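Okay, thanks everyone for coming. I'll put the model up, and then we'll walk through the ligand site and a few backbone and ring details.

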Amino acid sequence: MKVAIIGLGSVGKGVAGMLAKKDLGIQVTGVADSRSGVISPAGINIGEMLAHKQKSGLCGSTGITAEDVVKKADYDILIEVSPTNALSGEPATGYIRAALGRKKHVVTSNKGPIALAFHDLRELARKNGVALRYEATVAGAIPIMHTLEHGLAGNEIIALYGVLNGTCNFILTRMADEGLTYEQALMEAREMGYAEADPTYDVQGIDAAIKLVILANTIWDNGVRLSDVDRTGIDLLTADALRLAEEEGCTIRLIAEAMPRKKLLRVSPRILSKTHPLVVEGTLNALTLETDMAKEITLIGRGAGSIETASAIIGDLLYIRDQYVQRT
Ligand code: HSE
């Protein structure tokens, strides 16, 4: 099976590295970053490509663009892992459309296209008989989409509540446990590669709201948008507020919640008892689903990080291999 990778930041490097390390029978025939690209029908030597990227900042030649890789490389699945643009979704949405138009499967961690153009992209994929999978867009390594699609198939999902942004959770944990200031904790989160390229997406609750929109549209197909989410971030939260919560045996977490029956779609800092299942530490994410048959299910796992996100991408790749590629 052949794949092409668009985007060689933290997630792209993680995916490429894991494909090189694990013997999954997956060949990489195209890679592009924001300034260069490489196309090789015989397969790219990932180790050499990553070393070149490390040394020069480029994965290949400046004469080859991401668009060239999407439109010309020979692949079964496009892995679109370029940074999220939540306002326009571009250029990633264009890449995904072009790949689906070529009847190629797409796996993405890019939240912009899925939050903004889900309906259109899903219809295009259906029309062309290919898969569009986006497990990595929500809650990092937690297999939430697979759980909804398979494990909870047939259940009515009544509501969901979750910690969906690892950076905010890391900041809140570090402020409460180590007494760091908000700025110090944010700097650490950026250094460790958890934060978005523009960390205001994280701290203003935009990233969590985007993930909530993706989940709501996946579960209820209700066409909600980012502007429908009632949103408050953690950027104005003080160390004093956290200390006061601690004095009551509580703490603060940025909680995303959706309950269609009450038309509720909200992201906000909430005071929770320290024993609450959603009070997880560091970059962990947690998600409680309220369902009719299974009742309450809470999933906890790593919500950010290069290899953790690669886990979700590789799960999608192998799902497509088993469901589509090996059957044709
Ligand atoms: N910046 C995001 C987070 C990355 O901190 O959760 C994963 O989507």
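**Around the ligand**

So, two helices to look for as you turn this around: H7, residues 166-178, and H10, residues 206-220, each give at least two residues to the shell around the ligand. Keep in mind that this is a predicted model.

Where does the ligand sit? In the largest pocket. If you want to click through the surroundings, you'll find Lys111, Asn165, Gly166, Thr167, Tyr194, Ala195, Glu196, Asp202, Asp207, Lys211, Gly303 and Ala304. Sorted by class, that shell comes out as 5 charged, 4 polar and 3 nonpolar residues.

Now the polar contacts. On the oxygen side, Lys111 puts a polar side-chain atom 2.8 Å from one of the ligand's oxygens. Then there are the nitrogens: Asp202 has a side-chain N or O atom 2.8 Å from a ligand nitrogen, and Tyr194 comes in through its backbone, with a polar atom 2.9 Å from a ligand nitrogen. As for how covered the ligand is, on its own it has 250 Å² of accessible area, and the protein covers 91% of that.

**Rings**

Okay, moving on to aromatics. How many aromatic pairs turn up in the whole structure? The search finds 2. The one I want to show you is Phe118 with Tyr134, an edge-to-face pair with 5.5 Å between the centres and 75° between the planes. Phe118 is in helix H5, residues 111-127, while Tyr134 is in the loop between strand S6 (132-133) and helix H6 (144-151), so this pair ties together parts that are 16 residues apart in sequence.

**Backbone details**

Stay on that loop for a second. Ala139 is also between S6 and H6, and have a look at its phi: near 65°, so to speak on the positive side, in a residue other than glycine.

Last one, and it's a peptide bond. Which bond is cis? The one from Glu90 to Pro91, with omega near 0°. You'll find Pro91 in the loop that runs between strand S4, residues 77-80, and helix H4, residues 92-101.

That's my tour, over to you.

Conventions
Residues are numbered from 1 along each chain as its sequence is written. This is a predicted model: local features need pLDDT of at least 70, side-chain atom pairs count only at pLDDT 80 or more; totals for chains, interfaces and linings use all residues. Side-chain values use heavy atoms; hydrogens and water are left out. A residue is near a molecule or strand if one of its heavy atoms lies within 4 Å of it. A polar contact is a pair of N or O atoms within 3.5 Å; within protein, one must be able to donate a hydrogen and the other to accept it, and residues adjacent in sequence count only if both atoms are side-chain atoms. Accessible areas come from the Shrake-Rupley method with a 1.4 Å probe; for residues, only the protein chains shown count as cover. On a 1 Å grid over the protein atoms alone, a cavity is a set of points where a 1.4 Å probe fits but cannot get out, and a pocket is an open set with protein on both sides within 12 Å along at least five of seven lines; lining residues have an atom within 4 Å of a point. A molecule sits in a cavity or pocket if more than half of its atoms lie within 2 Å of its grid points. Helices (H or I, at least four residues) and strands (E, at least two) are DSSP runs, numbered from the N terminus. Ala, Val, Leu, Ile, Met, Phe, Trp, Tyr, Cys and Pro count as nonpolar, Asp, Glu, Lys and Arg as charged, and the others, Gly among them, as polar. Rings of Phe, Tyr and Trp (its six-membered ring) pair if their centres lie within 6.5 Å; planes under 30 degrees apart count as stacked, over 60 as edge-to-face and the rest as tilted.
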